[in-house]
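Biologist: Could you take one part of this model and go over it closely for me? I'd like to know what it looks like, what lies around it, and what else is worth a glance on the way out.

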Amino acid sequence: MPAKMLDGPKVASLINAETAEEVKALTQAGLRPGLAAVLVGNDPASEVYVRSKTKACDELNIYSEKITPPADVTTEKMLQLVRELNAREDIDGILIQLPLPRPLNTERILMEVLPAKDVDGFHPLNVGFLSTQRPGLVPCTPMGCIELLRRSGIPIEKQDAVVVGRSDIVGKPMAMLLTNANATVTLCHSKTKDLIGMCKRADILVVAMGRAGTITKEHVKIGATVVDVGINRVADPEEFKRLFAGNAKREDSFARHGYTLAGDCHPNVAEVASVMSPVPGGVGPLTIAMLMSNTVKAAKMRRGVHLKTTVGVGY
Ligand code: NDP
């Protein structure tokens, strides 16, 4: 029987509904949460991402402000901008859309964001809070994966979990969150000796490599749960054929647009997994939902408000 597909948009809308309630309560208390999104230059993909984030703010009644410095802005000017946002009472979250243009010092700029407003959860202080299980801001995509599992009724405790990919943004925090949730975790990367053997041990396999269709049914234990974080643009016809030959819907879309979005898992993973997240329609919508949730969390923590929360409980 093919794997049951996890429903990312449905889980995201549940979380958004809870976030909207919290925003309402905060706004009634005169503490409407605010997010500043900084978009440097005019990279089309980054523009799309920022647009979807500010649109989500509008839908949940979170105040949002888009700041668009020119592509030739200096690191010093960016640091000054971040300092101004750090000091603003009406801004709870600061999002620096990555990647920044080449000459900018991304590391310095990200480090300047006040940890209390670091809604991406990238600051080393928040990384430390996560690893020591203290309250803090957790990176959105891995937190979204945990919420997707939890709200789909997939047990994590006592499970053998394998994460493929060790980026600071996805893989490492994912491994930490699963550890905090009492899974036994193995973290794999490009130097892992026996990737197939490692992956095959997983009850829960989370893949965040950025390599279209690399994880195949040979990597997956029968009955495993697979979370595919990868989002890859496939435009090469041969690559497309390797992944989607015979899939009429994909073929039609590929013919019309000249590309398709693929995860890091080959579609044949669905032949052995019992549950998996599709791409698109899996983890993607959760990332923005968690950004909204983090903005509210930042507002509450910074302003000392203790409201009931249902997102990220226990992690
Ligand atoms: P990075 O490129 O930063 O990290 C990729 C990781 O995969 C690295 O740790 C790398 O290992 C590992 N890797 C690459 N090739 C192999 C291989 N052949 N075998 C084993 N490990 C390998 O990517 P990100 O973590 O930023 O993103 C991963 C994917 O997730 C991308 O497709 C990205 O688009 C997607 N993504 C999706 C989001 C969403 O909202 N759904 C949000 C963020 C990312 P090493 O460290 O040794 O180089």
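Modeller: I'll begin with one helix and then work through the ligand and a few other spots.

First, the ground rules: this is a predicted model, so local features need pLDDT of at least 70 and side-chain atom pairs pLDDT 80 or more, while totals for chains, interfaces and linings use all residues. Numbering runs from 1 along each chain as its sequence is written, and side-chain values use heavy atoms, with hydrogens and water left out.

The part I picked is helix 2, residues 44-60. Helices here are DSSP runs of H or I with at least four residues, strands are runs of E with at least two, and both are numbered from the N terminus. With 17 residues at 1.5 Å each, helix 2 should span 24 Å, and its end C-alpha atoms are 25 Å apart, which agrees. (The expected span is 1.5 Å times one less than the number of residues.)

Now, which residues of helix 2 are buried? They are Ser-46, Val-50, Lys-53, Thr-54, Ala-56, Cys-57 and Leu-60. They cover an arc of only 150 degrees around the axis, which puts them on the same side of helix 2; the arc is taken from the directions from the helix axis to the C-beta atoms. As background, an α-helix has 3.6 residues a turn, so residues three or four places apart point the same way. Buried means under 20% relative accessible area, exposed means over 50%, and partly exposed is in between, with a 1.4 Å probe and protein chains only. Turned away from the buried side is a face that carries the exposed residues Pro-44, Arg-51, Lys-55, Asp-58 and Glu-59.

And the neighbours? The buried residues of helix 2 pack against helix 1 (8-28), strand 2 (34-38), strand 3 (63-67), strand 4 (93-96) and helix 11 (284-302). Contact here means heavy atoms within 4.5 Å. After helix 2 comes Asn-61, with a positive phi near 65 degrees.

Two of those neighbours lead to cis prolines. Pro-99 sits in the loop between strand 4 and helix 4 (106-112), and the peptide bond from Leu-98 to Pro-99 is cis, with omega near 0 degrees. Pro-280 is in the loop between strand 11 (275-276) and helix 11; its bond from Val-279 is also cis, with omega about -5 degrees.

On to the ligand. It is surrounded by 20 residues, and the closest are Arg-166, Ser-167, Ser-190, Ile-231 and Thr-287; a residue counts here if one of its heavy atoms lies within 4 Å. A backbone N or O atom of His-189 is 3.5 Å from a ligand nitrogen. Arg-211 has a polar side-chain atom 3.4 Å from a nitrogen atom of the ligand, and Asn-232 has one 3.5 Å from an oxygen atom of the ligand. The protein covers 70% of the 930 Å² of accessible area that the ligand has on its own.

Helix 7 (residues 171-180) is mostly covered, with 7 of its 10 residues buried. Those are Gly-171, Pro-173, Met-174, Ala-175, Leu-177, Leu-178 and Asn-180. Their cover includes helix 5, helix 6, strand 5, strand 6 (184-188) and strand 7. Asn-182, which follows helix 7, has a positive phi near 70 degrees.

Back to helix 2 for a link to helix 6: the C-alpha atoms of Thr-54 and Arg-151 are separated by 25 Å, and the two residues are 97 apart along the chain. Arg-151 belongs to helix 6 (residues 140-151) and is partly exposed at 23% relative accessible area. Its side chain makes a polar contact of 2.6 Å with that of Glu-147. (A polar contact is a pair of N or O atoms within 3.5 Å; within protein, one must be able to donate a hydrogen and the other to accept it, and residues adjacent in sequence count only if both atoms are side-chain atoms.)

The loops on either side of helix 6 each hold a backbone oddity. Gln-133, in the loop between helix 5 (124-131) and helix 6, has a positive phi of about 55 degrees although it is not a glycine, and at 51% relative accessibility it counts as exposed. Lys-158, in the loop between helix 6 and strand 5 (160-164), is not a glycine either and has a positive phi of about 70 degrees; Lys-158 is exposed at 70%.

Notes
Areas by Shrake-Rupley, 256 points an atom, 1.4 Å probe, with all protein chains shown as cover.
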